[in-house]
Amino acid sequence: MSENELAGQFFDAAIGLLRRVRDEEAGHIATAGAMFADAVADGRRLFVFGAGHSSLPAQDVVYRAGGLALINLLAVPGVVGLDVMPATLGSALERVDGLAGAVLDTSPVRRGDVLVVISLSGRNSLPVEMAMNARALGVKVIGVTSLAYAEHTKSRHVSGTFLKDHCDLVVDTKIGIGDAELTADGIAAPFGPASTVVASSVIQAIVASAAGELASRGIDPPLLRSGNVDGGHEWNGRVLSEYGDRIFFRH
């Protein structure tokens, strides 16, 4: 099998997953969009969190052209992407009990805000406790995770629960165990992870749904424009100023 055939198979697998999520999770995505819109309309704040590679779709919607200006990254030192050495330390930190509580206690997250927690497996202590503690604070939690892991793996949290068990709403990414879509003769391990593609699409779809919901209520969505188009910086300056009390990535 040629490399081009495998590349095509990966695209087919990713497109298939995206179609499943579009069709099977449409209602949950619309509800998540309405939760975002409620937060914007009611003067609340929006936060997003992910650890390791799950931080990539979280970062993708923060200070993003075409995105809602109010979405803030809830950063946990050591687990935002590959920002520590060795890289394996980030994975180890995801299993540390108590870290999520310490982060939330020192964050600007408040009752009534909305927090999206992205975790492929949803089994490690950090995302579980992030959702658990946030809800205890009165924060509305949206989980973006693969429910297959809760069905076929064991939780690593002392409670035995998964991220899905501590959310107001869950969007299932449909990713299979192991996050590798392809196998081929002569290649010992499965390969072709698609979780980032799908999770990023889910978050962007929620943002799109929120923008439409706000517009239907007669509210101009606080969207950012690209700084690489004429007038973009001026537009963004106005939006950032108008909503500055709910935007924390500038401080």
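Modeller: In this predicted model, Ala, Val, Leu, Ile, Met, Phe, Trp, Tyr, Cys and Pro count as nonpolar, Asp, Glu, Lys and Arg as charged, and the others, Gly among them, as polar.

Colleague: By class, how many residues in the lining of the largest pocket are nonpolar, polar and charged?

Modeller: The largest pocket holds about 610 Å³ of space. It is lined by 31 residues, and those closest to its centre are A51, G52, H53, S54 and E94. Sorted by class, the lining has 5 charged, 12 nonpolar and 14 polar residues.

Colleague: Which element gives the largest share of the lining of the largest pocket?

Modeller: The protein has 9 helices and 7 strands. Those that give two or more residues to the lining are helix 4 (88-93), strand 4 (140-145) and helix 8 (195-216). The largest share is 3 residues, and it comes from helix 8.

Colleague: What radius of gyration does the protein have, set against that of a compact globule?

Modeller: Along the principal axes, the C-alpha atoms fill a box of roughly 55 × 45 × 35 Å. A compact globule with 251 residues would have a radius of gyration near 18 Å, so the protein agrees with that rule at 18 Å.

Colleague: What percentage of the residues count as buried?

Modeller: The protein exposes about 11900 Å², of which carbon and sulfur atoms supply 53%. A residue counts as buried under 20% relative accessible area. Of the 251 residues, the share that meets this is 48%.

Colleague: Among contacts between residues at least 6 apart in sequence, what share joins residues at least 24 apart?

Modeller: A contact here means heavy atoms within 4.5 Å. Among contacts between residues at least 6 apart, the share joining residues at least 24 apart is 76%.

Methods: Residues numbered from 1 in each chain as written. Predicted model: local features only at pLDDT ≥ 70, side-chain atom pairs only at ≥ 80, totals over all residues. Heavy atoms only, no water. 1 Å grid on protein atoms, 1.4 Å probe; cavity = no way out; pocket = protein on both sides within 12 Å on 5 of 7 lines; lining within 4 Å. Points joined across faces, edges and corners; volume = space filled by probe spheres on them. Helix = DSSP H or I, 4+ residues; strand = E, 2+ residues; numbered from the N terminus. Rg over C-alpha atoms; globule rule 2.2 N^0.38 Å. Buried < 20%, exposed > 50% of the residue type's maximum accessible area, 1.4 Å probe, protein only. Areas by Shrake-Rupley, 256 points an atom, 1.4 Å probe, with all protein chains shown as cover.
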